[in-house]
Amino acid sequence: MSRVPYFKATEIGERAWQIEYNFTDREHVYCYLVEGSETALVIDTMYGYGNLREFCETLTSKPLKLANTHFHFDHTAGNFDFDCCYMHHLDIPYFYDSRTSTPAEMLERAREEAFDEYKDAMEAGDFCAAHDMKVYPLYDGDELDLGDRKITVVDVGGHSPGSVVFVDPKLRIAFSGDACNGNTLLGFGNALPIETYLKNLLHFKHYQPQFDIMYGGHQVLPPVTIDEGIELCGKILAGTDDHEERPGMFGIPTVYGAKHADSGFGRADGKNFNISYDPKRLLEGGKEPRVIDFKPAAMF
Ligand SMILES: [Zn+2]
Ligand SMILES: [Zn+2]
């Protein structure tokens, strides 16, 4: 076991934990652990710093299974501490083709971010090394049976083609990944058109009576965020959104649906939901065939 306490856990419900990094305050990313009577489910794995599986084993003695909300590396880089994972079928090719960092590269980055007291104690062996792994496909409506609790898979594709939300009606929690939040990024080439995302938000809304809170990959938000997303996507399609141009990820210019407050990432009108998008990718444009061109999948 490493000398660096990479993780900390906060209990968010009966036998349910939110896990975040403890060696830095510069990575605002979460993953989750839900323990059933037979199986404990890990939802997402963050950046691969530390050994997440060993940390989860300090919280539960049940066999661990892993499911991902989507393929992005800030939610999957730690997957390789586990033998296999479950992911929406549309995100599997992107996960397979993702570029993974080596433990040496991760060590370098983690050292930059770490509190001074931990920098020297870190070593490359503390980090998750990529390897071939089995990925089992998830489909909308699947139920993950943990024994005395069942978690429903809800397709909310948009941010990535296979973004899902895991709804636990017993805990009354939706584990929402990056599917619907204050900075929902749809400006990527492989993100879905706004029209498709809006349909998926309306589908997500069917489950809204089953939860009181959305525990996401970077934010914790109230369920009304879904309604705000539906409203804003409707405005985008009607051409009546704020259409705020501003730098997005990696400094690439993008368009946000709602105007930001002058300071930080909050919305000027105080609502929770916001979205960045490509104004050329609003409508589905008819049903197009899925083309398999045998080239590696684009990351974004
Ligand atoms: Zn993401
Ligand atoms: Zn993310």
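In strand β2, the bridge partner of E11 is W17. That pair is a good place to start reading this predicted model, because six bridges join β1 (residues 7-13) to β2 (residues 16-21). From there we can move out to the whole chain, whose secondary structure comes to seven helices and 17 strands.

**The opening hairpin**

- Strands β1 and β2 run antiparallel, and E11 stands across from W17 in this pairing.
- Two residues lie between the strands of this hairpin, and R15 takes a positive phi near 55 degrees there.
- Just ahead of the hairpin comes Y6, in the segment before β1.
- Is Y6 buried or exposed? Y6 counts as buried because it has 24 C-beta neighbours inside 10 Å, and the cut-off for buried is 20 or more.
- Leaving aside neighbours within four places in sequence, Y6 touches Y21, N22, F23, Y49 and G50.
- Y6 and D126 are 120 residues apart along the chain, yet their C-alpha atoms are separated by 9.2 Å.

**The chain as a whole**

- A compact globule of 300 residues would have a radius of gyration near 19 Å, and the chain agrees because its own value is 19 Å.
- Along the principal axes, the C-alpha atoms fill a box of roughly 55 × 45 × 40 Å.
- Buried residues make up 43% of the 300 residues.
- Take the contacts between residues at least 6 apart in sequence: 62% of them join residues at least 24 apart.
- For a contrast with Y6 and D126, look at D116 and L232: these are 116 residues apart along the chain, and their C-alpha atoms are separated by 43 Å.
- D116 is found in helix α5 (residues 116-119), and it counts as exposed because it has 6 C-beta neighbours inside 10 Å.

**The six-stranded sheet**

- This open sheet has the strand order β8-β9-β10-β11-β13-β14, with mixed pairing.
- Its edge strands are β8 (143-145) and β14 (220-221), each of which pairs on one side only.
- Inside the sheet, β10 and β11 pair in the antiparallel sense over three bridges.
- Within that pairing, the bridge partner of D168 is I173 in β11.
- The loop between β10 and β11 (173-177) holds R172, which has a positive phi of about 60 degrees although it is not a glycine.
- R172 is partly exposed, because 14 other C-beta atoms lie within 10 Å.

**The four-stranded sheet**

- A second sheet to look for is also open, with the order β12-β17-β16-β15 and mixed pairing.
- At its edges are β12 (184-186) and β15 (244-247), and each pairs on one side only.
- Neighbouring strands of this sheet are turned by 35 degrees against each other on average, direction ignored.
- Four bridges join β15 to β16 (residues 253-256), and the two strands pair in the antiparallel sense.
- P247 stands opposite P253 in β16.
- When you look along any strand, remember that in a regular strand the side chains alternate between the two faces of the sheet.

**Helix α6 and its buried side**

- Helix α6 (residues 194-205) has 12 residues and should span 16 Å at 1.5 Å a residue, which agrees with the 16 Å between its end C-alpha atoms.
- Which residues of α6 are buried? They are I194, Y197, L198, N200, L201 and F204.
- These buried residues cover an arc of only 165 degrees around the axis, so they sit on the same side of α6.
- The spacing fits a handy rule: an α-helix has 3.6 residues a turn, so residues three or four places apart point the same way.
- What covers the buried residues includes β9 (150-155), β10 (164-168), β12, α7 (224-238) and β17 (275-277).

**The end of the chain**

- F294 is found in the segment after β17.
- F294 has a positive phi of about 65 degrees although it is not a glycine.
- As a general guide, most residues other than glycine have a negative phi.
- F294 counts as exposed, because it has 4 C-beta neighbours inside 10 Å.

Key. Residues are numbered from 1 along each chain as its sequence is written. Chains are lettered from A and ligands numbered from 1 in the order in which they are written. This is a predicted model: local features need pLDDT of at least 70, side-chain atom pairs count only at pLDDT 80 or more; totals for chains, interfaces and linings use all residues. Two strands pair if DSSP finds at least two bridges between them. Axes are lines fitted to C-alpha atoms, for helices over the stretch in contact, and angles run from 0 to 180 degrees between N-to-C directions. The expected span of a helix is 1.5 Å times one less than its number of residues. A residue is buried if 20 or more other C-beta atoms lie within 10 Å of its own, exposed if 12 or fewer, and partly exposed in between; C-beta atoms are placed from the backbone. The arc is that of the directions from the helix axis to the C-beta atoms. Two residues are in contact if their C-beta atoms, placed from the backbone, lie within 7 Å. The radius of gyration is taken over C-alpha atoms; the globule rule is 2.2 Å times the number of residues to the power 0.38.
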